[in-house]
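Here are a few notes from my pass through this one. Have the viewer open while you read.

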Amino acid sequence: MSLSLVRSRALLGLDARPVCVEVHLANGLPSFTLVGLVDTEVKEARERVRSAIANAGLAFPSNKRITVNLAPADLPKDSGRFDLPIALGILAASGQIDAARLAGWEFAGELSLGGELRPVRGALAMSLALHRTDASKDEPTRLVLPAGSAEEAALVPQAQVYRAHHLLDVVARFLPERLADEVPPDEGGWCRMVPTALGAAPVYADMADVKGQAAARRALEIAAAGGHSVLMVGPPGSGKSMLAQRFAGLLPPMDSLQALESAAVASLAGRFSLERWGQRPTCAPHHSASAVALVGGGSPPRPGEISLAHHGVLFLDELPEFPRSALEALREPLESGHIRISRAAMQSEFPARFQLVGAMNPCPCGFLGHPTRACRDTPDQIARYQGKLSGPLLDRIDLHVEVPALPPDDLLRGGAGEPSAAVRERVIAARHRAEQRQGVANQALAGQALDRHLNAEADALKFLHNAAARLGWSARSTHRALRVARTIADLAGQDAVGVGHVAEAVQYRRVLRQAG
């Protein structure tokens with residue numbers, strides 16, 4: 001009878017919980033049992049591990065009763081990440097590697113039938129969790145991952161990450177001392193990862209491609225400077241999607257912490273690539289997406305589009321065509337910047353600090369208010385179409401801007417627009433001014449912080465009071481107009497919010513155009 005213990009991690013949201021893989025070999029009827037609230041993917045590891053050990057030229061104890069326990073028992077485990085620790089546990093329990101030398105190491109990796117290691121999702125989240133745990137330890141824990149996963153895990157500062165291509169690469173490092181000299185390690189298959197310099201600047205589509213649409217471009221500049229959400233309304237072909245796809249290029253560069261957080265969420269979904277390090281994501285789900293696809297869910301919970309757009313842009317084209325339940329699920333994350341998914345057995349929390357950019361037509365046919373084409377919809381049809389967007393959701397969108405049809409002369413003869421780099425410089429200056437003053441972007445100002453940092457002139461507050469009373473605004477709408485006015489003043493390089501700043505902010509809170 002023999003027992004071994006190997007450490008790994010299970011993903012629960014962005015939290016990578018430690019898992020102990022315990023392997024027990026005993027005499028009795030030969031069997032291979034996996035316990036510990038394991039999913040089907042983990043149960044299938046029995047066949048992968050058996051074949052990988054045998055095809056690697058190692059001895060699989062097929063005449064033993066094998067019990068593998070993944071503790072803690074109440075934590076759900078999924079994916080093939082436990083293949084490598086299970087295989088090492090069996091080899092340690094059977095005396096083929098030194099179990100004592102496994103202390104201070106963690107392992108994750110899926111095994112092929114031939115013993116090759118395959119990448120696993122969430123490697124960056126595992127490395128981040130390990131880094132936080134090691135902060136209180138004298139000796140850091142070392143992490144072994146397959147090629148393709150080790151590179152992203154090594155992006156975490158001070159992480160000790162090792163890359164292996166094959167099961168034998170790992171086994172060679174943990175052989176008993178009596179065998180260590182007999183089996184020379186393959187240095188090409190095992191190495192400690194050193195973070196590479198990722199100095200290439202992210203590449204975005206350029207706003208210079210957009211001709212005309214000065215009002216929409218101005219609204220996007222304000223949104224980028226203050227972290228505000230935007231709704232663009234206009235007929236088909238007016239440039240709404242083109243503007244939205246270039247919005248991320250106006251935002252300030254991400255710092256290292258933001259880049260790590262964004263990459264960790266992408267790693268959970270298997271979407272991360274080193275080439276996109278530091279690039280603000282733009283997620284544009286189809287309008288048939290469900291509420292779970294947008295906010296996340298499943299069992300175990302997976303991040304949705306709002307989390308994959310963390311520190312980036314969530315672009316919802318044809319906004320009224322999304323399911324009502326999906327749109328209403330956006331209300332809380334727009335305010336809080338995170339989403340908590342609750343299930344009977346667990347809760348998972350994902351970050352969701354994104355900037356919403358919505359686009360829609362003013363009516364079902366799309367031509368309400370068009371200068372040359374007549375709208376063929378009835379007032380009742382238009383009201384039903386616009387009514388798909390609830391008042392509370394529209395209340396949470398800071399800037400409502402009309403994107404009219406572009407005259408043919410402007411399109412064919414107009415010059416190139418202002419490039420994104422020039423706009424981004426103004427945005428960075430305004431964002432820096434706000435963060436120096438209050439520590440956060442203007443969109444995050446609330447309560448006493450808004451009163452303290454607004455610095456509005458008396459005439460400006462009187463103007464806003466009259467506008468809010470005449471338009472019947474809610475308290476939320478009034479506060480959002482104040483935040484936008486604060487951003488407009490920052491873009492102008494002014495400390496005080498004047499009447500002109502408030503007047504411009506008020507025009508972005510207008511209601512949708514009605515028929516008649």
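1. Start with the pairing of β15 and β18 (residues 355–360): these two strands run parallel, with 4 bridges between them. One facing pair to click on is L314 with L356 in β18. Bear in mind that this is a predicted model.

2. On the β12 side, β15 has another parallel partnership, this time with residues 282–283 and over 2 bridges. Here C283 is the residue opposite L314. So L314 turns up in both pairings: it faces C283 of β12 and also L356 of β18.

3. Are the side chains of β15 buried or exposed? Both faces of this strand, residues 313–316, are covered. V313 and F315 are buried on one side, and L314 and L316 are buried on the other.

4. Confidence looks like this: the protein has an average pLDDT of 89, and 95% of the residues reach at least 70. The highest value in the protein belongs to β15, at 97. The lowest is in helix α7 (residues 177–180), where the mean is 57.

5. Now for α21, residues 475–491. With 17 residues at 1.5 Å each, the helix should span 24 Å, and its end C-alpha atoms lie 25 Å apart, so the two figures agree.

6. How many residues of α21 are buried? The count is 14 of the 17, which means the helix is largely enclosed by the rest of the structure. Just after the helix comes G493, with a positive phi of about 75 degrees.

Definitions and conventions. Residues are numbered from 1 along each chain as its sequence is written. This is a predicted model: local features need pLDDT of at least 70, side-chain atom pairs count only at pLDDT 80 or more; totals for chains, interfaces and linings use all residues. Side-chain values use heavy atoms; hydrogens and water are left out. Buried means under 20% relative accessible area, exposed over 50%, partly exposed in between (1.4 Å probe, protein chains only). Two strands pair if DSSP finds at least two bridges between them. The expected span of a helix is 1.5 Å times one less than its number of residues. pLDDT is the predictor's confidence in each residue, from 0 to 100.
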